[in-house]
Amino acid sequence: MYQPPQVRPSEITPEGVWQQRRRIMQAGALTLAGGALSLALPWPARALTTLGRIRPSPLSTREETTPWKAVTHYNNYYEFGTDKEDPAEQAAGFQTDPWSLRVDGAVHHPRTWALEDLLRGQTLEERIYRLRCVEGWSMVIPWIGFPLADLLRQADPTGKAKYVAFETLYDPKRMPGQRWPILKWPYREGLRLDEAMHPLTILAVGLYGKVLPNQNGAPIRLVVPWKYGFKSIKAIVRIRLVEEQPPTTWSLAAPREYGFYANVNPEVDHPRWSQRRERRIGEFFKRKTLMFNGYAEQVAGLYRGMDLKKYF
Ligand code: MTE
């Protein structure tokens, strides 16, 4: 989190396949090129094919997407190294099959989901969302996923549920970064229940028409587009509904620098740098950062009456 961003121009190569696919979608075709995905296949085999039955989301931005190469080779994933180039290399052999996701806590129906069962019958959407990192760079990524609210509704939160706590896998054998105390492992994140239920909040299982690459958080990661990227926790194994605001990795590590809310806010600086401007990866000039990362119309109401300097 501490390095200023540097992407070599050679890393940014346009994804011809994607552009072609996008033209197909713009032409109104709902089925993506590449054929349907058989959910009967084990996950790694599915990873070789493209995802099927995906519909484009009306919640997508129309901005130009960041090239595939940058999205998948300029990552933050401390379980697989602290340099941006590390995760693509170090997570290459990470085993994500089988995978289970436990949903419990203040819910009427706690359940351990096999990823297969979770995705069976799920309508996946392609949603082109911005990701704005606290370090000052941003990307526009065509995620594939489904609303977190779908899963939470199935668990049926009790009246006590006020927050949602997320946990990444803890397995230092498979996640070598966890052998060092760089962060308090496992990586943890949290949302207020209304933020978690918001339709913009998704669980992503793919990007650019493909199964999520390991470095981007396979097999399942959170995407909360109006918050700084560190809220978008990767490789989730547990989602717990809780009464109190849960501890989160970066606010445990540096509470003055990273708050629980972490809403993208150009008015609230990081103690060591301004958050007014950002560099969209692939662009030369910086652009102005928008309140709530450009999603103010949809989410500002969640924070009405709150002092966002205090609750940063
Ligand atoms: N999740 C885990 N488990 N470990 C991490 O180190 N990094 C976060 C977030 N999720 C991180 C994580 C940060 S700081 C960012 S900016 C985003 O992932 C980056 O997502 P991307 O690599 O897919 O762009």
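**The ligand and its cavity**

Author: In this predicted model, a polar backbone atom of Ser232 lies 2.9 Å from a nitrogen atom of the ligand.

Reader: What makes the pair of Ser232 and the ligand a polar contact?

Author: A polar contact needs a pair of N or O atoms within 3.5 Å. The pair at Ser232 is 2.9 Å apart, so the pair counts as a polar contact.

Reader: Which side-chain atom makes such a pair with a nitrogen atom of the ligand?

Author: A polar side-chain atom of Thr168 does, at 3.0 Å from a nitrogen atom of the ligand. Asn76 uses a polar backbone atom instead, 3.2 Å from a ligand nitrogen. Both values are within 3.5 Å, so these pairs pass the test as well.

Reader: How much of the ligand does the protein bury?

Author: Taken alone the ligand exposes 530 Å², and 99% of that is buried by the protein.

Reader: How many residues surround the ligand, and what makes a residue count?

Author: A residue counts if one of its heavy atoms lies within 4 Å of the ligand. By that rule 17 residues surround the ligand, with Asn75, Tyr78, Glu79, Ser232 and Lys234 the closest. The shell is made up of eight nonpolar, six polar and three charged residues.

Reader: Why is the space taken by the ligand called a cavity?

Author: The name is for a space where a 1.4 Å probe fits but cannot get out, judged over the protein atoms alone. The ligand takes up the largest cavity, and the structure holds one cavity of 30 Å³ or more. The volume of the largest cavity is about 300 Å³, so the largest cavity passes that cut-off.

Reader: What lines the largest cavity?

Author: Its lining has 25 residues, and Asn76, Arg221, Gly229, Ser232 and Lys234 lie nearest the centre. By class, the lining of the largest cavity has 16 nonpolar, six polar and three charged residues. Strand 5 (residues 137-147) gives the largest share of this lining, four residues.

Reader: Turning to the backbone, which peptide bonds are cis, and where?

Author: One joins Asp97 and Pro98, with omega about 5°. Pro98 is in the loop between helix 4 (86-90) and strand 2 (100-105). Another runs from Ala218 to Pro219, with omega near 0°. The loop that holds Pro219 lies between strand 9 (210-211) and strand 10 (221-223).

Reader: What is the phi value of Asp156, positive or negative?

Author: Phi of Asp156 is near 60°, a positive value in a residue other than glycine. Asp156 is in the loop between helix 6 (148-155) and strand 6 (163-168).

Technical notes. Residues numbered from 1 in each chain as written. Predicted model: local features only at pLDDT ≥ 70, side-chain atom pairs only at ≥ 80, totals over all residues. Heavy atoms only, no water. Polar contact = N/O pair within 3.5 Å; in protein donor to acceptor, adjacent residues only side chain to side chain. Areas by Shrake-Rupley, 256 points an atom, 1.4 Å probe, with all protein chains shown as cover. 1 Å grid on protein atoms, 1.4 Å probe; cavity = no way out; pocket = protein on both sides within 12 Å on 5 of 7 lines; lining within 4 Å. Sits in = over half its atoms within 2 Å of the grid points. Nonpolar A, V, L, I, M, F, W, Y, C, P; charged D, E, K, R; others polar. Helix = DSSP H or I, 4+ residues; strand = E, 2+ residues; numbered from the N terminus.
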